[in-house]
Amino acid sequence: KRQLPAQPALILGGYGEGSGQFQQVATATLDQNGLVVVADNRLRRITWFGQDGHVSDTRYYDSTDGTPVVPGEDLLTVRALTSSGDRLYIGQASSVWEIEGAGQNAREIPLADLEGTLRDLVVDQERRILALTDSAVNVYDSLGQPVEVWSLPGDPSPRCRSMSLGPEGRLYVAARSWGQVVVFDQQGNLLSQIAVAEEGELRSVAVDNLGHIYVTEQDDILKVLDSEGTVLTQGGGRGSAPGQALWCPKILLDPENRRLVQVDPSNYRIQVYDLTGRETETLDRVVSDIRFPATQKPDHVVLTLGADPDRNRRVTWRTDVATVGSEAMVLKISSEDDTSNVDWNSPAVRKLAGSSVEYYGNLGSFRSHELEVGELESGAQYAYRVGTGSEQGWSETRFIRMAPQPEEQLKVVVLGDS
């Protein structure tokens, strides 16, 4: 019985332009040496990562920024990647580049009569090229000549996104809108339709040499099924913490099924799971260039209505993860007071304590703090600041102006961002 580790063994990537970083992950594959190969359409490059997470090689869509993937040629948007033996196959809108070795031996294979958008690519043992569109598997010979089309007719459209070769050359297709894995034999005969998710929730599929089916769903739950569709185990979920994902369009199994690779574009990363059953600690190689990182000083300070809108206000703010104090100082002031120089040493100052939660975001982790300020008087004005309680950890002074008594006139301005 297959078990999914709770945590990945390796996480690589991070947002940025540097070596090994991502900005728009398009797809990924595994080569015959177990290297993870990732295409980034914004940075216009393909990066090879070793099993330790370090960058092994980087090549660009053209020669402008560095060594090109195909010398003398410019690649367009990469839609799919796959490998077979020592060859890498790069799928574009209407053609596939077959690249052998370091790229000196490369040829472009037109995909004649391909109808629809290319979603995934597989090369089988006969070197046939299987090109997946929304509702069909288009089969080509090694020269790009059409052989046949395996259709998935139905209403609604299956909106296929991913496929994987399994035992006996069977092809497993993730029909997203149907929530099914559709299985074909080598001749294109429809063998089964395995229901694995609610309609519209199935995203990607991978199959090991024992016929175990790995799938991801819309909420980024990762499931392992037997060949009949019975769930053996599951894990993951929506988020940015290790073991979670924000949108997983592709999962991969290495040739010997020792690792599971999860593509996580919205978190700018790739997660690799060890399926051998060994106890491993997560090796986190993610490095992100964060323009506005969380620090000890509070930021994103937001004031909203509290549990009792007439007397309470709620305050939230952000700091780095290490800053655990959640405190506030509140002082009632009058219209005559100097608001530019609030006396925080006044005996009238109220000190309040709140709580905090650590969050993992796709551009780094932070701590979110909140507390409730109560016993506020109608029509009164208050000064407040939030922080850790230390002099260096306070926010700038902010103000609360409570609504007047109901018999007084009140004007409200609502401003939206749409």
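**Reading strands, burial and cysteines in a predicted model**

Me: How many residues join β7 to β8 in their hairpin?

Reply: Look for the stretch where one strand ends and its partner begins. Here, 3 residues link β7 to β8. Keep in mind that this is a predicted model.

Me: In which sense do β7 and β8 pair, and over how many bridges?

Reply: Follow the direction of each strand, then count the bridges. β7 and β8, the latter covering residues 95–100, pair in the antiparallel sense. The pairing has 5 bridges.

Me: Which strand does β6 pair with?

Reply: β6, residues 80–84, is joined to β7 by 5 bridges. These two strands also run antiparallel. β7 thus pairs with β6 and with β8.

Me: Which residues stand opposite R87?

Reply: Check each neighbouring strand in turn. S84 stands opposite R87. In β8, the partner of R87 is E100.

Me: What is the backbone angle of G85 in the hairpin of β6 and β7?

Reply: Look at phi. G85 takes a positive value near 60°. This hairpin has 2 residues between its strands.

Me: Is β7 mostly covered or mostly open?

Reply: Count its buried residues. In β7, residues 87–91, 4 of the 5 are buried. The strand is mostly covered.

Me: Where does R259 sit, and is it buried or exposed?

Reply: Find the strand, then check the accessibility. R259 lies in β23, which spans residues 259–264. Its relative accessibility is 10%. The cut-off for buried is under 20%, so R259 counts as buried.

Me: What does the side chain of R259 reach?

Reply: Trace the side chain to its partner atom. That of R259 comes to 2.4 Å from the backbone oxygen of G34. G34 is also among the residues that R259 touches, leaving out those up to four places away in sequence. Others on that list include L30, V36, Q51, D254 and Y273.

Me: How buried is V261, and what does it touch?

Reply: V261 belongs to β23 too. Its relative accessible area is 0%, so it is buried. Neighbours within four places aside, its contacts include L30, V36, I251 and I270.

Me: How far is V261 from A28 in space?

Reply: Compare the path along the chain with the gap between C-alpha atoms. The two are 233 residues apart along the chain. Their C-alpha atoms are 9.0 Å apart.

Me: How many disulfides are there?

Reply: Compare sulfur distances with the cut-off. The count is 0. The closest cysteine sulfur to that of C160 belongs to C248, 17 Å away. A disulfide needs sulfur atoms within 2.5 Å, so this gap is too far for a bond. C248 is likewise in no disulfide.

Me: Are C160 and C248 buried or exposed?

Reply: C160 has a relative accessible area of 0%, so it is buried. C248 is buried as well, at 0%.

Me: How many helices and strands does the whole chain have?

Reply: Step back and count the elements. The chain has 0 helices and 33 strands. Its radius of gyration is 27 Å, well over the 22 Å from the globule rule for 418 residues, so the chain is more spread out than a compact globule.

Me: What are the spans of the C-alpha trace, and how much of the chain is buried?

Reply: Along its principal axes the trace spans about 85 × 45 × 45 Å. Of the 418 residues, 48% count as buried. The chain exposes about 20,700 Å², with carbon and sulfur atoms supplying 44% of that area.

Technical notes
Residues are numbered from 1 along each chain as its sequence is written. This is a predicted model: local features need pLDDT of at least 70, side-chain atom pairs count only at pLDDT 80 or more; totals for chains, interfaces and linings use all residues. Side-chain values use heavy atoms; hydrogens and water are left out. Helices (H or I, at least four residues) and strands (E, at least two) are DSSP runs, numbered from the N terminus. Buried means under 20% relative accessible area, exposed over 50%, partly exposed in between (1.4 Å probe, protein chains only). A polar contact is a pair of N or O atoms within 3.5 Å; within protein, one must be able to donate a hydrogen and the other to accept it, and residues adjacent in sequence count only if both atoms are side-chain atoms. Contact means heavy atoms within 4.5 Å. The radius of gyration is taken over C-alpha atoms; the globule rule is 2.2 Å times the number of residues to the power 0.38. Accessible areas come from the Shrake-Rupley method with a 1.4 Å probe; for residues, only the protein chains shown count as cover. Two strands pair if DSSP finds at least two bridges between them.
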